[in-house]
Amino acid sequence: MGRPTLSQTMTYWRKLLAESGAIDAVIVNKWNRLARTLAKYEAFMLQMKLDGVDVVAVGSGQSNKTPAGRMANRMMAVFSEYQRDDLIETMQQGKRGLSRAGKVVPGRYAPYGFVYNADDRSYRVDPERMKAVRELFRMVGEEDRALWAVKRAFERDKVPTTKGGRYWHVSTLRDMILNDAYKPHSYQELQGLVAEGLLDSDVLDRLDPDKLY
């Protein structure tokens, strides 16, 4: 099981502990660790108040029992939200910079049939697995076969899944069909990306106008 969300944690506390009167207080290290948005902070504090449960921060912050203390703690929640948003924007700027330079912004897993090369931040073709990708597109695009038929064929031929398993999910095959990583792009399309500022012109200069990318 994954780590519970704040909403799930709130529900657990409220239904099993707070409403039953099993606890009198919730203790957190810092107010800005309680929630990363002001809305979630306010929702949690309101629920605890309705259930008669105190919320106390021991690491920093002011008492939540006075108007001045509540205002200061709300400001901390606002600042935490700003820090999160600023971090996300910084990361997004870095990813956009890599994309403009023609580099791959890797996800958790490379698309099936590719291997991520960290040295030049690109995808390299895995010949064996790419055969399965071509077979998928041939069966669906040329033979007009259903994804269930592809699933059964792959499992019959023991084609390994994205994680090396045996059994394929139709949703995985559908995602592969829709994945832009397998779509060929012409030189002219890439020129359009340069015009929109989404690709650096020096990347285009290194490409062959007669090939697909």
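**Figure 1. Helix 5 packs against helix 6 in this predicted model.** Helix 5 covers residues 147–156 and helix 6 covers residues 170–178. Their axes lie 9 Å apart and meet at an angle of about 110°. Angles of 65 to 115 degrees count as roughly perpendicular, so helix 5 is roughly perpendicular to helix 6. On the side of helix 5, the contact is made by L147, W148, V150, K151 and F154. Helix 6 contributes V170, L173, R174 and I177. Sorted by class, the contact of helix 5 with helix 6 has seven nonpolar and two charged residues, and no polar ones.

**Figure 2. Helix 5 is mostly covered.** How many of the 10 residues of helix 5 are buried? Seven of them are. The buried residues are L147, A149, V150, K151, A153, F154 and E155. Among these, L147, V150, K151 and F154 also take part in the contact with helix 6. The cover over the buried residues of helix 5 includes helix 4 (127–142) and helix 6.

**Figure 3. Helix 6 has buried residues on one side and exposed residues on the other.** Which residues of helix 6 are buried? They are V170, L173 and M176. These residues lie on the same side of helix 6 because they cover an arc of only 120° around the axis. D175 and L178, on the other side of helix 6, are exposed. Helix 4 and helix 5 are included in what covers the buried residues of helix 6.

**Figure 4. Helix 4 also packs against helix 6.** The two axes are 11 Å apart, and the packing angle is about 90°. This angle makes helix 4 roughly perpendicular to helix 6. V133, L136, F137 and V140 of helix 4 form the contact together with L173, M176 and I177 of helix 6. By class, the contact of helix 4 with helix 6 holds seven nonpolar residues, no polar residues and no charged residues. L173 and I177 of helix 6 take part here, and L173 and I177 are also among the residues of helix 6 that touch helix 5.

**Figure 5. T161 is a buried residue in the loop between helix 5 and helix 6.** Is T161 buried or exposed? Its relative accessible area is 9%, and the limit for a buried residue is under 20%, so T161 counts as buried. Leaving out residues up to four places away in sequence, T161 touches Y112, R129, R166, Y167 and W168.

**Figure 6. K158 has a positive phi in the loop between helix 5 and helix 6.** K158 comes just after helix 5. The phi of K158 is about 60°, although K158 is not a glycine. Most residues other than glycine have a negative phi. The relative accessibility of K158 is 68%. Exposed means over 50%, so K158 counts as exposed. T161, which lies in the loop between helix 5 and helix 6 as well, is buried.

**Figure 7. D144 has a positive phi in the loop between helix 4 and helix 5.** What is the phi of D144? The value is about 55°, and D144 is not a glycine. With a relative accessibility of 69%, D144 counts as exposed.

**Figure 8. V78 of helix 3 and R36 are far apart in sequence, by 42 residues.** V78 is found in helix 3, which covers residues 67–100. From C-alpha to C-alpha, V78 and R36 are 8.2 Å apart in space. V78 has a relative accessible area of 35%. That value falls between the limits of 20% and 50%, so V78 is partly exposed.

**Figure 9. The whole chain contains eight helices and four strands.** Starting at the N terminus, the elements run α-β-α-β-α-β-β-α-α-α-α-α. The chain has 213 residues, and 27% of them are buried. Among contacts with a separation of 6 or more, 49% are between residues 24 or more positions apart. About 14,600 Å² of the chain is exposed, and carbon and sulfur atoms supply 54% of this area.

Key:
Residues numbered from 1 in each chain as written. Predicted model: local features only at pLDDT ≥ 70, side-chain atom pairs only at ≥ 80, totals over all residues. Heavy atoms only, no water. Axes fitted to C-alpha atoms, helices over the stretch in contact; angles between N-to-C directions. Helix = DSSP H or I, 4+ residues; strand = E, 2+ residues; numbered from the N terminus. Parallel < 35°, antiparallel > 145°, perpendicular 65-115°, else oblique. Contact = heavy atoms within 4.5 Å. Nonpolar A, V, L, I, M, F, W, Y, C, P; charged D, E, K, R; others polar. Buried < 20%, exposed > 50% of the residue type's maximum accessible area, 1.4 Å probe, protein only. Arc of directions from axis to C-beta. Areas by Shrake-Rupley, 256 points an atom, 1.4 Å probe, with all protein chains shown as cover.
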